[in-house]
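This report describes the fold of one protein chain, moving from a single contact set to the sheet around it and then to the nonpolar cores. Please keep the sequence and the structure at hand while reading.

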Amino acid sequence: MRSTITKLTSSNNFDFLEVHDRELLTLVSLAEKYYNNDPNTSLMKLRQFGERMVQIISIKKRLIFKRNEEQKDLINRLYNQNIIPKEIYCLFHKIRMHGNKANHKFLNNKNIALENLKYAYEISIWFHNNFYSSNFQPPDFVVPGDQDVEKQNNLQIENTDLKKQIDTLKLKLSLADKKKVEDLDKLQKEIENLKLKLSLAQSSKNYSSDELEDLKQKYNSLINDLNFAKNQSQSLTQKLIYLNQKEQQINQELSIAKNQNEKYQQEVSLAKSQNGKYKNSLIFWRISTVTAVILCGIIGIIYDFNNQKIKKDILIEASKNHESVTKVSKLETQLQQQEESRQQTFTLQSQLQQKEQEYAQIQVQYQQTVDLASKLETELKIANQKLPQKQNLIEQKTPQITTYHTNHEEFKIAVQIAQEAAISGKKAKTAQEWSLIAEKWQKAAKLMGDVSPESSQYETAKNRYLQYSKNFQVAKAYEQKTKKKTVVLSTPLIKTYNVRFNVGSTGATVKNPIQPNERHRYHVWAAAGQELLLQRKQGDVNLTLISPQGQTIASVTNGQSQWSGKLSSTGNYIIEVSATSQSNYLISMNISALMQKKATQLIEKWLNAKQRMLAAPYDQQLVAQLATGKKLKDTIDSIQWLKSNSAYYEYEFSKLESLEYVKSSPGKAVFDATVVEKMTLYINGKIDKGNTTDYPRSKKYRFYLTFDQGFWKIEDSNYLSSE
């Protein structure tokens, strides 16, 4: 006879998972089991399967789990670190989303449940190939059958078999009882005969005393056997009565099981809205049937004491039924644990709502503090505008021959160049060094002279123009004084160019003709710590790299073609080109883009923080860490709107695909970013389709970055286009 309970962890489609994790196989087997009659439970089991699988992959890849990290964030981390491919990444998210809908919106679609089983099957094959055997040949996916209906039919067959066995046992017991009665009558007659012989022997003198004593012993022995037989007969009668009672009880149990079977379909329908009742009813029906089976086995064991073969068969069946009861008990324990987990979840949700209310009050207080800080920051900026400060000017572009600057930039750059000239003047010894210093004073004076009369710094610039012009004359005098030769055959003609980099570039290539009496000087702004690669690609020319302090750093002469190294200070570097004969030259310069790296890190932080800013806990402090100015104000306004309308965004993922440099100035930078996002806007628990993307969508934004209080932050952003 077959067992009344099928193993829950048995699966033809997913058997190969057992070598990895028994719990993983149990979850997906339960999902297959409930697929036909309870798709809602099947979807929730598949979501648990996805969670378990993601955790196992993270452990195998030695990923560090973050505190309070949600499943979707862990999936995104696995994808972003190239641990799982895009196809598996999308399947994980589909299983997670359908599981959420099954849990919160009672999704109960059989076709969707089958699709998710196939998703789990694809994930399992990928997992097994990558973490166990790359040569694994997976079995063909088989659609799960209606296991519960099949089990009901099996139980009905088993009940019929049991009833037949009970009838057979009753017949055998009846025959045994009849034989016992016959044996009892025969024994009674033998006792009467022996009693008569004993009486005759006592009255007769023909028997010896030993013979009489022997007859007495036989008589007593027969009397004992008779009493024992009577007791056995009474016990047999009682047991027969007990058997009849148990037979009635079994019939009642079978009747209850039939009634439970009729109610089964109704309970399946009710389980769509009240998950769990169906499973309890089914387990009760099974336990009732198993109880009947066990009682039958026990009755057979008690009564068949004269038939060893029947006793052995019943013992075997009782052992099988005992295993079935044990499995049912385990299943009941698992269901009870799930119910306790649900109760704990409801309790935690209540606590979370209380915490959110407390946090909302704290946010109101924090917003008041932010508004006050913003007001003070505005006042501080107005005051700081009156004080010219030294700023780093890091330009990462391709050269264009231009000297255009805004009035504000002209003043700051002139101050920067003048400071470098003053510092260099304290160390200058050669005529060449004094020539470079004079050139800087001349350039600084020209920039001050270009400041517009409408500028608030015009008066200061006018005074400094006079001072810088005077310093230029002094530097030229020192240049003449320190020349070794008093007779100069020819004075080199110096041509100066500002190198500007094109959009998205960190290098420049320049091509010009040069005469023997010329020197071409290219001014390039760079920051300390950046790498510079200087190459002579064409022409018989010499290259000299001069620091912002006027010191020669390196030279590229006829025997060399390039120089590379790390720059030690921030400022305006000079690349000087000279030749001994007429030549057409082509040189290139490349500077590593540290700003590009900082911008990438900042924008990626912003994208990863959206889920915390535009949904609970609506983290405004995080916004203030990453944004300033208009971006800060707009984001805070968006958060207030979301909260007041019971709305939030859910991001499946938000990833920076590419970043292109546009332009920069001291403390400012502009980048174009291509972002791939899939997001959903919920308002009052319903999806707003107008602000929801059904698939990963690529969009292009322009980000305006600013250096604010020691950190780079996003000042503004504009939407450009979508693909």
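## Glu-439 and its surroundings

Leaving aside its neighbours within four places in sequence, Glu-439 is in contact with Ile-494, Thr-496, Arg-521 and His-523. The model is a predicted one, and in it Glu-439 belongs to helix H11, which covers residues 431-449. Glu-439 counts as buried because its relative accessible area is 13%, and the cut-off for buried is under 20%.

The sheet on which H11 packs is an open one of five strands, ordered S1-S3-S8-S5-S6, and its pairing is mixed. Strands S1 and S6 form the edges, each of them pairing on one side only. Averaged over neighbouring strands of this sheet, and with direction ignored, the turn of one strand against the next is 20°. H11 touches S1, S3, S5 and S8, and the direction of H11 makes about 65° with that of S3. S1 and S3 run parallel and are joined by six bridges; Tyr-497 stands opposite Tyr-522, a residue of S3.

The residue ranges of the strands in this sheet are listed below.

| Strand | Residues |
|---|---|
| S1 | 493-498 |
| S3 | 518-526 |
| S8 | 571-578 |
| S5 | 542-546 |
| S6 | 552-556 |

## The nonpolar cores

The largest nonpolar core holds 43 residues, and those touching the most other members are Leu-17, Val-28, Phe-49, Met-53, Ile-57, Ile-84 and Phe-92. Two or more residues of this core come from each of helix H1 (22-34), helix H2 (39-60), helix H3 (71-80), helix H4 (86-105) and helix H5 (110-131), with H5 giving the largest share, ten residues. Phe-49 touches Leu-17, Leu-24, Leu-27, Val-28, Ala-120 and Ser-124, when residues up to four places away in sequence are not counted. Another core, of 34 residues, lies apart from the largest one and includes Trp-606, Leu-607, Ala-647 and Ala-669.

## The chain as a whole

Taken over its full length of 723 residues, the protein chain has 42% of its residues buried, and its secondary structure consists of 15 helices and 14 strands. Where contacts join residues at least 6 apart in sequence, 72% of them link residues at least 24 apart. The accessible surface of the chain amounts to about 40,800 Å², and carbon and sulfur atoms account for 50% of that area.

Technical notes: Residues numbered from 1 in each chain as written. Predicted model: local features only at pLDDT ≥ 70, side-chain atom pairs only at ≥ 80, totals over all residues. Heavy atoms only, no water. Helix = DSSP H or I, 4+ residues; strand = E, 2+ residues; numbered from the N terminus. Buried < 20%, exposed > 50% of the residue type's maximum accessible area, 1.4 Å probe, protein only. Contact = heavy atoms within 4.5 Å. Areas by Shrake-Rupley, 256 points an atom, 1.4 Å probe, with all protein chains shown as cover. Core = buried A, V, L, I, M, F, W, Y, C linked by side-chain atoms within 4.5 Å. Pairing = 2+ DSSP bridges. Axes fitted to C-alpha atoms, helices over the stretch in contact; angles between N-to-C directions.
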